[in-house]
Amino acid sequence: MTSPLDPARLVEGLREQTAAFARAATGQDPATPVPTCPGWSLRTLVGHLGEEHRWAAELVRTGEPLPAPDPARADPGPPAGWAEWLYEGAEDLVRAIQNAGPDAAVQTFLGPRPAVFCLRRMVSDTCVHHYDAAAATDSTFELPDDLAADTISETLDLLTTPALAAARPGLARLPGHGQRIGLRPRTAEGWVITRTPGAPRWDRGPVEAEVVVSGATADLLLVLSRRLPPTSDRVTVTGDHALLHHWLAHTAL
(Lines give C-alpha, C1' and ligand atoms only; values in the text may rest on other atoms or scores of the structure.)
Protein backbone atom coordinates (compact mmCIF):
# COMPACT_ATOMS: atom_id res chain seq x y z
CA MET A 1 0.00 0.00 0.00
CA THR A 2 1.21 3.51 -0.77
CA SER A 3 2.04 5.75 2.16
CA PRO A 4 -0.35 8.66 2.76
CA LEU A 5 2.77 10.68 3.62
CA ASP A 6 4.50 12.31 0.69
CA PRO A 7 8.25 11.81 0.11
CA ALA A 8 9.05 15.23 1.58
CA ARG A 9 7.38 14.31 4.87
CA LEU A 10 9.15 10.94 4.91
CA VAL A 11 12.49 12.71 4.44
CA GLU A 12 11.61 15.11 7.24
CA GLY A 13 10.55 12.18 9.42
CA LEU A 14 13.80 10.31 8.76
CA ARG A 15 15.80 13.35 9.82
CA GLU A 16 13.62 13.98 12.89
CA GLN A 17 13.78 10.44 14.17
CA THR A 18 17.47 9.97 13.38
CA ALA A 19 18.22 13.12 15.38
CA ALA A 20 16.04 11.91 18.27
CA PHE A 21 17.74 8.50 18.20
CA ALA A 22 21.13 10.22 18.23
CA ARG A 23 20.17 12.34 21.24
CA ALA A 24 19.15 9.22 23.15
CA ALA A 25 22.30 7.26 22.28
CA THR A 26 25.22 9.66 21.87
CA GLY A 27 27.68 9.74 24.75
CA GLN A 28 26.19 6.71 26.47
CA ASP A 29 28.11 3.59 27.46
CA PRO A 30 28.42 1.46 24.28
CA ALA A 31 27.93 -1.70 26.35
CA THR A 32 24.51 -0.60 27.65
CA PRO A 33 22.06 -3.49 27.09
CA VAL A 34 19.02 -2.82 24.90
CA PRO A 35 16.14 -4.62 26.65
CA THR A 36 13.85 -4.45 23.63
CA CYS A 37 16.49 -6.05 21.37
CA PRO A 38 17.66 -9.05 23.42
CA GLY A 39 21.39 -9.71 23.11
CA TRP A 40 22.14 -6.29 21.61
CA SER A 41 24.26 -3.56 23.15
CA LEU A 42 23.68 0.12 22.46
CA ARG A 43 26.73 0.07 20.17
CA THR A 44 25.15 -2.74 18.14
CA LEU A 45 21.88 -0.81 17.87
CA VAL A 46 23.64 2.37 16.73
CA GLY A 47 25.76 0.45 14.24
CA HIS A 48 22.70 -1.37 12.89
CA LEU A 49 20.71 1.80 12.25
CA GLY A 50 23.56 3.73 10.65
CA GLU A 51 24.57 0.84 8.40
CA GLU A 52 20.95 0.16 7.48
CA HIS A 53 20.51 3.73 6.23
CA ARG A 54 23.69 3.42 4.16
CA TRP A 55 22.57 0.02 2.82
CA ALA A 56 19.20 1.46 1.74
CA ALA A 57 20.99 4.35 0.03
CA GLU A 58 23.12 1.90 -1.95
CA LEU A 59 20.03 -0.09 -2.93
CA VAL A 60 18.48 3.08 -4.34
CA ARG A 61 21.68 4.18 -6.10
CA THR A 62 22.27 0.84 -7.83
CA GLY A 63 18.73 -0.45 -8.14
CA GLU A 64 20.16 -3.90 -7.42
CA PRO A 65 19.61 -6.25 -4.46
CA LEU A 66 22.28 -6.23 -1.77
CA PRO A 67 22.71 -8.45 1.31
CA ALA A 68 21.50 -6.78 4.48
CA PRO A 69 24.32 -5.62 6.78
CA ASP A 70 25.19 -7.71 9.84
CA PRO A 71 24.46 -5.65 13.00
CA ALA A 72 27.27 -7.38 14.89
CA ARG A 73 29.86 -6.19 12.35
CA ALA A 74 28.80 -2.54 12.08
CA ASP A 75 31.32 -0.04 13.44
CA PRO A 76 29.81 3.33 14.40
CA GLY A 77 33.10 4.55 15.89
CA PRO A 78 33.53 6.23 19.32
CA PRO A 79 30.31 7.27 21.12
CA ALA A 80 31.22 10.97 20.93
CA GLY A 81 30.94 10.78 17.14
CA TRP A 82 27.77 8.71 16.92
CA ALA A 83 25.47 11.64 16.18
CA GLU A 84 27.49 12.84 13.19
CA TRP A 85 27.87 9.28 11.88
CA LEU A 86 24.11 8.68 12.15
CA TYR A 87 23.31 12.00 10.42
CA GLU A 88 25.67 11.11 7.57
CA GLY A 89 23.90 7.79 7.00
CA ALA A 90 20.46 9.39 6.94
CA GLU A 91 21.61 12.12 4.55
CA ASP A 92 23.20 9.51 2.30
CA LEU A 93 19.76 7.95 1.89
CA VAL A 94 18.08 11.32 1.38
CA ARG A 95 20.52 12.22 -1.41
CA ALA A 96 20.06 8.84 -3.07
CA ILE A 97 16.27 9.29 -3.09
CA GLN A 98 16.52 12.84 -4.39
CA ASN A 99 18.95 11.87 -7.15
CA ALA A 100 17.08 8.76 -8.30
CA GLY A 101 13.57 10.07 -7.75
CA PRO A 102 10.99 8.44 -5.44
CA ASP A 103 9.53 6.35 -8.28
CA ALA A 104 12.83 4.84 -9.49
CA ALA A 105 12.74 1.04 -9.67
CA VAL A 106 14.70 -0.75 -6.92
CA GLN A 107 15.18 -4.48 -6.37
CA THR A 108 14.26 -5.05 -2.72
CA PHE A 109 13.87 -8.11 -0.50
CA LEU A 110 10.22 -8.15 -1.66
CA GLY A 111 11.03 -7.80 -5.34
CA PRO A 112 10.79 -4.64 -7.49
CA ARG A 113 9.58 -1.59 -5.58
CA PRO A 114 9.84 2.20 -6.08
CA ALA A 115 12.69 3.93 -4.27
CA VAL A 116 10.28 5.57 -1.84
CA PHE A 117 9.58 2.07 -0.48
CA CYS A 118 13.15 2.02 0.89
CA LEU A 119 12.74 5.49 2.39
CA ARG A 120 9.47 4.53 4.09
CA ARG A 121 10.98 1.27 5.39
CA MET A 122 13.88 3.18 6.93
CA VAL A 123 11.60 5.77 8.50
CA SER A 124 9.58 2.97 10.10
CA ASP A 125 12.66 1.19 11.39
CA THR A 126 14.15 4.42 12.71
CA CYS A 127 10.95 5.23 14.62
CA VAL A 128 10.97 1.84 16.34
CA HIS A 129 14.71 1.87 17.03
CA HIS A 130 14.38 5.38 18.45
CA TYR A 131 12.21 3.78 21.12
CA ASP A 132 14.79 1.03 21.64
CA ALA A 133 17.52 3.62 22.26
CA ALA A 134 15.29 5.68 24.54
CA ALA A 135 14.30 2.63 26.57
CA ALA A 136 17.92 1.54 26.93
CA THR A 137 19.13 4.95 28.12
CA ASP A 138 16.03 6.04 30.06
CA SER A 139 15.52 8.92 27.62
CA THR A 140 12.35 10.65 26.50
CA PHE A 141 10.56 9.06 23.54
CA GLU A 142 8.25 11.17 21.41
CA LEU A 143 6.78 10.19 18.05
CA PRO A 144 4.39 12.34 15.99
CA ASP A 145 1.04 10.71 15.28
CA ASP A 146 1.50 10.80 11.51
CA LEU A 147 4.80 8.90 11.67
CA ALA A 148 3.44 6.44 14.23
CA ALA A 149 0.36 5.78 12.10
CA ASP A 150 2.34 5.30 8.91
CA THR A 151 4.76 2.97 10.68
CA ILE A 152 1.80 0.84 11.82
CA SER A 153 0.48 0.72 8.25
CA GLU A 154 3.92 -0.02 6.79
CA THR A 155 4.45 -2.83 9.31
CA LEU A 156 1.09 -4.35 8.44
CA ASP A 157 1.93 -4.05 4.73
CA LEU A 158 5.01 -6.18 5.35
CA LEU A 159 3.28 -8.73 7.56
CA THR A 160 0.56 -9.32 4.97
CA THR A 161 2.87 -9.58 1.94
CA PRO A 162 3.11 -13.20 0.66
CA ALA A 163 6.70 -12.71 -0.48
CA LEU A 164 7.77 -11.99 3.10
CA ALA A 165 5.77 -14.89 4.52
CA ALA A 166 7.73 -17.25 2.28
CA ALA A 167 10.96 -16.15 3.99
CA ARG A 168 9.64 -15.98 7.57
CA PRO A 169 8.21 -19.33 8.74
CA GLY A 170 6.42 -17.77 11.70
CA LEU A 171 4.23 -15.69 9.40
CA ALA A 172 2.79 -18.88 7.93
CA ARG A 173 0.79 -19.23 11.16
CA LEU A 174 -1.04 -15.93 10.71
CA PRO A 175 -3.85 -16.95 8.30
CA GLY A 176 -7.09 -17.89 10.02
CA HIS A 177 -10.84 -18.08 9.54
CA GLY A 178 -11.88 -14.47 9.63
CA GLN A 179 -10.74 -13.54 13.15
CA ARG A 180 -10.19 -9.81 13.51
CA ILE A 181 -7.66 -7.83 15.57
CA GLY A 182 -8.29 -4.12 15.99
CA LEU A 183 -6.04 -1.19 16.85
CA ARG A 184 -8.05 1.82 18.00
CA PRO A 185 -6.19 5.14 18.43
CA ARG A 186 -7.65 8.05 20.35
CA THR A 187 -7.81 10.66 17.60
CA ALA A 188 -8.08 8.92 14.21
CA GLU A 189 -9.51 5.96 12.36
CA GLY A 190 -8.07 2.62 13.37
CA TRP A 191 -6.70 -0.55 11.84
CA VAL A 192 -8.46 -3.90 11.52
CA ILE A 193 -6.41 -7.02 10.74
CA THR A 194 -8.44 -9.93 9.37
CA ARG A 195 -6.90 -13.38 9.47
CA THR A 196 -8.35 -14.84 6.26
CA PRO A 197 -7.53 -18.42 5.13
CA GLY A 198 -5.14 -17.45 2.33
CA ALA A 199 -3.27 -14.66 4.11
CA PRO A 200 -4.08 -11.93 6.61
CA ARG A 201 -5.21 -8.56 5.31
CA TRP A 202 -5.78 -5.19 6.93
CA ASP A 203 -7.92 -2.08 6.47
CA ARG A 204 -8.32 1.40 7.97
CA GLY A 205 -11.64 2.49 9.37
CA PRO A 206 -14.03 1.88 12.28
CA VAL A 207 -12.67 -0.77 14.64
CA GLU A 208 -14.91 -3.78 15.18
CA ALA A 209 -12.99 -6.91 16.07
CA GLU A 210 -12.76 -9.94 18.36
CA VAL A 211 -9.91 -8.24 20.22
CA VAL A 212 -9.22 -4.49 20.30
CA VAL A 213 -6.15 -2.62 21.56
CA SER A 214 -6.92 1.02 22.39
CA GLY A 215 -4.47 3.79 23.21
CA ALA A 216 -2.26 6.53 21.82
CA THR A 217 -1.09 5.87 18.27
CA ALA A 218 2.57 5.59 19.30
CA ASP A 219 1.67 3.07 22.02
CA LEU A 220 -0.33 0.99 19.55
CA LEU A 221 2.79 0.89 17.37
CA LEU A 222 4.89 -0.24 20.33
CA VAL A 223 2.46 -3.07 21.09
CA LEU A 224 2.38 -4.11 17.41
CA SER A 225 6.19 -4.14 17.30
CA ARG A 226 6.38 -6.07 20.59
CA ARG A 227 8.13 -3.22 22.42
CA LEU A 228 5.26 -2.62 24.84
CA PRO A 229 3.42 -5.57 26.39
CA PRO A 230 -0.35 -5.58 25.87
CA THR A 231 -0.65 -5.79 29.66
CA SER A 232 0.81 -2.26 29.96
CA ASP A 233 -1.45 0.33 31.58
CA ARG A 234 -0.68 2.59 28.60
CA VAL A 235 -3.12 0.58 26.46
CA THR A 236 -6.44 -1.17 27.00
CA VAL A 237 -7.16 -4.62 25.54
CA THR A 238 -10.73 -5.86 25.27
CA GLY A 239 -11.93 -9.17 23.86
CA ASP A 240 -9.97 -12.28 22.96
CA HIS A 241 -6.54 -11.76 24.50
CA ALA A 242 -5.30 -15.13 23.21
CA LEU A 243 -5.93 -14.02 19.61
CA LEU A 244 -3.76 -10.95 20.13
CA HIS A 245 -0.99 -12.91 21.85
CA HIS A 246 -0.92 -15.46 19.00
CA TRP A 247 -0.48 -12.66 16.44
CA LEU A 248 2.31 -10.99 18.41
CA ALA A 249 4.10 -14.30 18.99
CA HIS A 250 4.42 -14.98 15.26
CA THR A 251 5.10 -11.54 13.78
CA ALA A 252 8.72 -10.86 14.69
CA LEU A 253 10.43 -9.10 11.77
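Start by selecting the lining of the second largest cavity: its residues divide into 8 nonpolar, no polar and no charged. Here Ala, Val, Leu, Ile, Met, Phe, Trp, Tyr, Cys and Pro count as nonpolar, Asp, Glu, Lys and Arg as charged, and the others, Gly among them, as polar. The picks are I181, L183, I193, V223, L224, L244, W247 and L248. A cavity, by the way, is a set of points on a 1 Å grid over the protein atoms alone where a 1.4 Å probe fits but cannot get out, and lining residues have an atom within 4 Å of a point.

Before you go on, keep in mind that this is a predicted model, where local features need pLDDT of at least 70, side-chain atom pairs count only at pLDDT 80 or more, and totals for chains, interfaces and linings use all residues. Residues are numbered from 1 along each chain as its sequence is written, and side-chain values use heavy atoms, with hydrogens and water left out.

Back to the hole itself: this second largest cavity has a volume of about 30 Å³. Volume here is the space filled by probe spheres set on the points, with grid points joined across faces, edges and corners. Colour β3 (179-185), α7 (217-224) and α8 (241-249), since each supplies at least two of the lining residues. The largest share, 3 residues, comes from α8. Those element names are DSSP runs numbered from the N terminus: helices are H or I with at least four residues, strands are E with at least two.

Now show the sheet around β3. You should find 5 strands in an open sheet, ordered β5-β4-β3-β6-β7, with mixed pairing. At the edges sit β5 (200-205) and β7 (235-239), each pairing on one side only. From one strand to the next, the twist averages 15°. Two strands count as paired if DSSP finds at least two bridges between them.

Next, zoom in on β4 (residues 190-195) and β5, which pair in the antiparallel sense over 6 bridges. Click G190 and you'll see G205 of β5 opposite. Then try I193, which you met in the cavity lining; across from I193 is W202 in β5. A hairpin of 4 residues links β4 to β5.

Add α7 to the view. This helix lies across β3, β4, β6 (211-215) and β7, and runs at about 145° to β3. Contact means heavy atoms within 4.5 Å; axes are lines fitted to C-alpha atoms, for helices over the stretch in contact, and angles run from 0 to 180 degrees between N-to-C directions.

Time for the other hole. The structure holds 2 cavities of 30 Å³ or more, and about 50 Å³ of space lies in the largest. Select W55, A56, L59, T108, F109, F117, C118, R121 and M122 to see its lining. Two elements give two or more residues to that lining, α2 (42-62) and α4 (115-137), and α4 gives the most, with 4 residues. By class, the lining splits into 7 nonpolar, 1 polar and 1 charged.

From T108, look at the hairpin that β1 and β2 form with 2 residues between them. Strand β1 (residues 105-108) pairs with β2 (residues 111-114) in the antiparallel sense over 4 bridges. Pick Q107 and find its bridge partner in β2, P112.

Last stop: α1 (residues 7-25). It has 19 residues and reaches 27 Å from its first C-alpha to its last, close to the 27 Å expected at 1.5 Å a residue; the expected span is 1.5 Å times one less than the number of residues. Just after α1, stop at G27, which takes a positive phi of about 85°.

Definitions and conventions. On a 1 Å grid over the protein atoms alone, a cavity is a set of points where a 1.4 Å probe fits but cannot get out, and a pocket is an open set with protein on both sides within 12 Å along at least five of seven lines; lining residues have an atom within 4 Å of a point.
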